[in-house]
Amino acid sequence: MSTTITECLLASTQATPSSVNRADRSLTVVFYSGTAIQRVDPWSGDVYDLTLDPAGADLSRLNSGAAPVLDSHSRVPVASQVGVVKAARETRGQFFADLKFSSRPEVEGLWNDLAEGVVRCVSMGVELLEYRDEMDDRDRLVRRIATKWRPFEISVVTVPADPGAVSLSHESGQSMKTYTSPTQGAGTETAAAPNELKTLLSHMNLGAEFDSAILATPGITLKEAKCRAADVICSRDTTPDTQHGSTAATGAFVLRSGEETAHQGMIDALYSRGTGKAPSDNGRRFHGMRLVEMARECLSYRGGPRIVAGGESKVVELALHTTSDFPNLLSGYAGKVLMESYQAATGALKTVSRRSTASDFKLKRLIRRGEFPDLKLVAEHAEYTHGTIGESAESYRLDTYGRIFGITRQAIINDDLSAFTTLGQAIGQAVANFEDNFLIDILTSNSGNGPTMGDTYALFDAAHHFNKSGSGAAIGDTTLDAARIAMRTQKGVDGVTIVDAQPRYLIVPVTKQTAAEKYLASLYPAQASNVNPFSGKLELLTDPRLDAKSTTRWYMFADPDVVPSLEYSYLSGAEGPQTETRVGFEVDGLEVKVRVDFGAAAIDWRGAYCNAGA
């Protein structure tokens with residue numbers, strides 16, 4: 001997957017006098033230690049592990065001599081730049097940078113805090129240029145590996161991160177330097193007066209327990225008190241502050257940056273406005289914003305101006321064509337609507353089919369191992385006899401299907417959320433319809449007998465232990481009983497072992513839905529002979545697409561997790577519809593590309609039964 005996402009990933013540095021070159025006002029830091037971290041996907045809300053592949057690092061921006069050192073990622077005003085990155089490098093999976101700080105008077109306090117080890121945390125701004133996602137068996141994002149990424153700035157921050165990422169000794173140039181507490185070399189510094197400590201503690205606001213411990217420490221200096229405070233700040237609060245949008249640090253990255261919190265909040269607000277659902281706490285503060293105002297906000301997050309000459313049209317143009325997150329915001333909202341619509345539109349055949357993945361687009365062969373042969377009596381002093389296990393095979397491959405859709409600049413300026421809502425819903429339904437039609441075409445192919453299997457017989461054929469009725473008949477005790485007997489007495493690959501494919505689903509066209517519902521309804525008759533033996537035993541599924549093929553044919557299926565007959569697959573790491581966006585060239589606005597890598601096939605006849613109906 002290829003995209004560009006801006007992240008704020010924290011590493012920490014521990015500065016000591018021996019690792020600082022005061023004459024040159026320089027300091028070497030570890031800005032990425034290689035540790036994975038949990039993050040939140042703004043589309044789905046999935047919590048996943050993010051890892052940056054060291055081999056994919058592009059350090060050109062940091063080595064250009066122009067990459068800034070910022071104060072807390074602030075890009076405006078110019079005074080927020082407190083230094084410059086002189087050089088960056090990678091050694092054994094860790095990334096180091098040499099920072100040079102400004103000699104401006106307003107930077108002096110920060111520089112002294114760094115030199116004295118009071119301020120120790122740094123954060124990098126990084127663009128994820130290409131990445132791949134790994135999903136679990138429930139289609140949830142669990143891991144994102146950035147295969148190409150480019151850091152573009154390093155900031156001094158107060159939020160902590162990886163305690164193992166420390167500053168380097170200036171003398172060694174490469175070896176790690178462990179932080180040394182000022183108490184180990186503070187012999188010339190006098191103890192702080194109680195009133196000085198109380199004044200300092202009142203500004204820190206770290207709690208009564210911390211204040212009491214500091215005040216109870218004999219001979220403690222102001223420098224040592226500051227360092228202990230920094231240690232507390234760097235070790236506490238590992239949960240996100242959703243009220244203020246602060247970051248929560250774990251490992252070498254932040255869980256959620258202020259910009260990301262705002263980004264997700266705007267997506268939630270758009271979703272609430274577009275669907276009429278209640279906004280989240282994070283989204284409520286953006287609920288009244290128009291799209292143009294959100295574009296202006298996204299510009300400001302990337303250092304752009306809030307006031308743009310040329311009016312709303314120019315704001316939208318800048319937000320779309322600069323490094324602003326506005327395109328990702330729009331696609332994030334459309335994608336959230338898309339996935340909701342896609343999941344809601346799942347048809348009957350996906351319920352009775354086994355879901356799988358494929359690692360590539362090569363032919364996927366499914367080998368069905370036969371049943372273990374019966375155990376034989378081994379008489380005393382007799383030898384064990386050999387048994388054989390047969391096998392059968394089916395195969396299919398994945399293909400890529402997709403389209404490109406456009407969202408116009410006019411729709412954005414007009415604050416026309418219906419354009420995004422309708423587009424997301426339409427794409428989600430279109431992908432679900434495509435997958436369902438794919439499966440129905442397989443099931444009803446060959447005049448309703450299904451595809452030809454590896455043994456040269458159709459899916460539904462008398463040769464397959466009569467998994468197709470000899471003549472069509474309506475749903476009733478006799479016909480369902482015949483179907484159940486045929487499925488439960490199915491034999492395995494060896495032609496001997498009973499598979500016992502217990503029926504679970506009854507699938508009918510919509511034309512027969514009412515009749516099927518009436519038959520399966522629970523009845524409490526006065527006479528035992530009138531009891532419905534299938535009441536509560538079968539789950540009824542219907543699909544209007546089946547009516548276009550036959551208005552009478554009905555099917556029974558076993559649980560696909562037990563005896564699967566149909567299988568569909570996605571490309572591993574790209575399950576379900578995948579979307580990419582770009583600023584339109586042919587379309588004056590935003591283009592959204594939707595893609596699905598999908599394939600399906602009939603893989604076994606033992607778990608299905610067909611009746612032509614009447």
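These questions and replies deal with a predicted model of one protein chain.

Me: What makes a residue of this chain count as buried, and what percentage of the 614 residues do?
Reply: The cut-off is under 20% relative accessible area. Of the 614 residues, 48% count as buried, so 48% fall under that cut-off.

Me: What makes a stretch of this chain a helix or a strand, and how many of each are there?
Reply: A helix needs at least four residues, a strand at least two. The protein chain has 15 helices and 23 strands.

Me: How do you know which share of the contacts joins residues 24 or more positions apart?
Reply: A contact means heavy atoms within 4.5 Å. Take the contacts with a separation of 6 or more: residues 24 or more positions apart account for 72% of them.

Me: Why is the empty space inside called a cavity, and how many of 30 Å³ or more are there?
Reply: A 1.4 Å probe fits there but cannot get out, so the name is cavity. The search of the whole structure finds three of 30 Å³ or more. The largest has a volume of about 40 Å³.

Me: What lines the largest cavity?
Reply: Its lining has 10 residues. Ala334, Gly335, Leu338, Thr579 and Val592 lie nearest its centre. Helix H9 (326-344) and helix H12 (417-443) each give two or more residues. H9 gives the most, with four.

Me: How do you know which classes the lining of the largest cavity holds?
Reply: Leu and Val count as nonpolar, and Gly as polar. By class, the lining has six nonpolar, four polar and no charged residues. No charged residues means no Asp, Glu, Lys or Arg in that lining.

Technical notes
Residues numbered from 1 in each chain as written. Predicted model: local features only at pLDDT ≥ 70, side-chain atom pairs only at ≥ 80, totals over all residues. Heavy atoms only, no water. Buried < 20%, exposed > 50% of the residue type's maximum accessible area, 1.4 Å probe, protein only. 1 Å grid on protein atoms, 1.4 Å probe; cavity = no way out; pocket = protein on both sides within 12 Å on 5 of 7 lines; lining within 4 Å. Points joined across faces, edges and corners; volume = space filled by probe spheres on them.
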